[in-house]
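User: I'm new to reading protein models and would like a close look at one part of this one. Could you pick out the greasy patch on the surface, walk me through it, and then show me how it sits alongside the rest?

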Amino acid sequence: MESFEEIADEEVPKEPRIYVSQSLRRLTREILATKTQNCFTQTKRTEITMIQIAFSIGLDSIWRFPYLCHRNGGGSFILVYFFMLLLFGIPLLYIEMIMEQWLRVDNVRIWKQLVPWLGGIGYASIMVCILVSLYNSVIIVWSLSYLSHSFDHPLPWNECPLVKNINVTDLSCLRTVSHQYFWYHTTLSASGHIEEGVKALVLHLTLGIFAAWFLLFLIMITGLKVSIPMLIFSVFLLYILLCLFIRSLFLEGAIASLRRMVTIELSAWASLDLWRQAGSHVLYSLGLGMGTIINLSSCKTGGSNYAQVASLMALVNLVTSLLATSIIFIVLGFWAATSGHACVEKGVSKLMKLIDDGVLPQDAKPPENILLQPPLDYLDWISNLPRHLQDQVIRFSPSCSIKAQKEKFMEGPGLAFAAFSQVVSLFPASSLWAILFFLTLAVTELSTLIRILEGIVVPFQNSIFRNYPQLLSGTTDSHPSENPALLPPVPRSPPISRARSTPDPALHIHLSVAKPASALAVVCLGGFLGSFVFTSRPGSYIMSLFDDRLVPLTLITIVAFQNVALAWIYGAKRFREEISSELGHFLWSFFTFLLCYMTLPGLLALLIICLIQLYQRVPPYYIAWNSSVTQEVKQPYPQNTLGWVTFLSILTLLPIPVHPLYQWWHLQDHIASERFEKPLSKKMPLAPIKHFAWPKHRLVKSNFKMQEGNSESSLKAFSLTLDKGPDVVPLRQSNLPSSVTSQDSSWLSLPRISSLTSMLSIRSASLVPSRQVSPISTEIDNSDKHGETKENHKKSVQ
């Protein structure tokens, strides 16, 4: 006994040690796996956040905001833009970011699931992305054109280029700054009016369009990750803008220009055009209504700081826009301060110095009293010089406007390029600074356009490969886990905390999984051919028509439909309750009021203003270049161009009314086929038929609760038998939760839809897209069949 006790005392401590060591190992593995997963999730979340912030630094901040601010009075436009950013921009951006992580599907299927009869909103967003990508590609070409000229020394826009066959009346380069002259004559080769049409294409712009779309095709087909380069170049662009701003502060008239930029004129608020352009730019700058935010991520990253990210995106966008606008206003003030007499004095002193150095002959000496005369007399003196002296005087003239311009120098879309080229030329080693700036600007614009193109390609690919998954067989064999849509269906347990089933993320096919060259080739080739219209001589005026009239009208309409669908059809309160499971807390109660009663009336007011501005008696105008007077002029749009705006707007918004008609037609065909093909059930109800009212909400939630109880009894209790008269429509089994589909109740009926309003009222029934049969119902069916076979076997034996 003693030996046995000794042995027992020696062996008993060993078992806990082995047990503890195994538990520690298992716990260590779990901790490491959890930390790795959390690290990956946090990294992915940070990457997506930085991509969203980098997307806000693009064409809208550097190119579009400054000339809109300059055209609409500076400080008045900034204040209205900031007000609409708080009213529309941040709340709507916050909604799209939540919907991205909540449903995890592309922009087309997200509205088909929330409001099936308004699923055409996603297709309309694709049409808007197509329009935006067409004229944004031309802006990339402008950057590439300036980049190609940046390798010349000295920079070509610092001096007046000699005009071929110059005569005594052609002194246009001396009537304006050389940077504006270079923009219209060298970069654009612009015509005098839009009525000229697309008769001849500008060669270097056409070659640049080909280069831009070819680069986009290569980047997207090779699957290159543009997120990290986009972040690098976006940060680098901010540093360059900061350096340009510091250098521009030393220009003449800088303080007065900044003071004019922040000056608020209350009379400017009476302009409907100011409100229209400010509101449309809020939507355009944040990418609202285009699906770029929804299509950004294909995986669930979690987190509940969506409000902080949305506010940070809006803040970075606003700061970048104000920084670029400050530089442009300072340059405009510098041009105004050095025009007229100041330009004549500068030109005369330079000519006298060149004559003293022997570069110019004595015949090029200006009259002694030329400084006491008006600036136009100086131009008359140059025009009366001999031809060879006239060429030399024009060549060595400073880059300022001899003609005093009290009005604005530039109001067109090329203001940013002309102003930035002026500031870049003031640095030492100006060619190097020009190369860095325009290269960074071109890469940033390419990254922005890639995000816009993903809003076209990703839904297009998802719709094709979701219907034809065999097309992905060659791309997913080596990585089957990346495309779970091709794997056999796995039964999923019903969620408990949510009131509706979250769509399967496997339905979202990312570009890294499937790389169909044909789809990308079609999109890029169509964009290349569609951009030809902007490479003609009046192409910049057509681009202004798209940017100022067409895109704002369609974008405001689409965002208004999205707001109506989410706030009034799906229900703002319902959305607030269901999204609480994603955030872990309820949204702010004021959010529902803001979504229903603030953003929607504001969007409708903007839409009315757009229509009034487009179809008023006095036609809208565009900024054109008049080479005879060497300045910009306002010219009205012809009626045929406004007709094209109407046609393209209707074509872009056509999917919204067409989709419910298609759904209704498909539903009627399905009803007719089911009545002829589906045999009647042999089982007759024992109880008399009762009519049940279809619940407005929480159908899926009630089904989930039934699943938690007794499965078989609850299924039989939930089996309903509705009247199939002439005014009823059978609802397919796939539209119901899998737990309520059994052999006893395989069909349900709904009243026939008589109007679009009643169509939208049954939206809850289509939120569960899964066609899988739950294991409970499968077991019930198998048990019933097994019981029937046993009974038949007994009868045969007897």
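**A close look at the nonpolar patch**

Analyst: Let's start with Phe593, which is partly exposed, with a relative accessible area of 38%. Keep in mind that this is a predicted model. The value of 38% falls between the 20% cut-off for buried and the 50% cut-off for exposed, so "partly exposed" is the right label. Where is Phe593 found? Its place is in helix H22, which covers residues 589-597.

Now for the company Phe593 keeps. Together with Trp568, Trp588, Phe590, Tyr597 and Met598, Phe593 makes a nonpolar surface patch of about 680 Å². Which helix gives the most to this patch? That's H22, with three residues. To put the patch in context, the protein chain exposes about 37900 Å², and 63% of that comes from carbon and sulfur atoms.

For a contrast, look at Gln562, in helix H19 (residues 539-569). Buried or exposed? Gln562 counts as buried, because its relative accessibility is 7%, and the cut-off for buried is under 20%. Leaving out residues up to four places away in sequence, Gln562 touches Glu96, Trp111, Ile121, Ser125 and Gly289.

Pro638 is another one to find on your screen. This proline sits in the loop between strand S2 (631-636) and helix H24 (639-653). With a relative accessibility of 17%, Pro638 counts as buried too. Setting aside neighbours within four places in sequence, Pro638 is in contact with Ile194 and Glu195. Pro638 and Pro619 are 19 residues apart in sequence, while their C-alpha atoms are 7.8 Å apart in space.

You can also see burial across a whole helix. H11 (residues 272-286) has 15 residues and spans 22 Å from first C-alpha to last, close to the 21 Å expected. Of those 15 residues, 13 are buried, so H11 is largely enclosed by the rest of the structure. Right after H11 comes Gly287, with a positive phi near 70 degrees.

Finally, zoom out to the protein chain. You'll count 29 helices and four strands, and 51% of the 798 residues are buried. Among contacts with a separation of 6 or more, 83% are between residues 24 or more positions apart. The contacts of Pro638 with Ile194 and Glu195 give you a place to look at such pairs.

Conventions. Residues numbered from 1 in each chain as written. Predicted model: local features only at pLDDT ≥ 70, side-chain atom pairs only at ≥ 80, totals over all residues. Heavy atoms only, no water. Helix = DSSP H or I, 4+ residues; strand = E, 2+ residues; numbered from the N terminus. Expected span 1.5 Å × (residues − 1). Buried < 20%, exposed > 50% of the residue type's maximum accessible area, 1.4 Å probe, protein only. Patch = residues over 30% accessible without salt bridge, like charges linked within 9 Å, V, L, I, M, F, W, Y side chains within 5 Å. Areas by Shrake-Rupley, 256 points an atom, 1.4 Å probe, with all protein chains shown as cover. Salt bridge = Lys/Arg side-chain N within 4 Å of Asp/Glu carboxyl O. Contact = heavy atoms within 4.5 Å.
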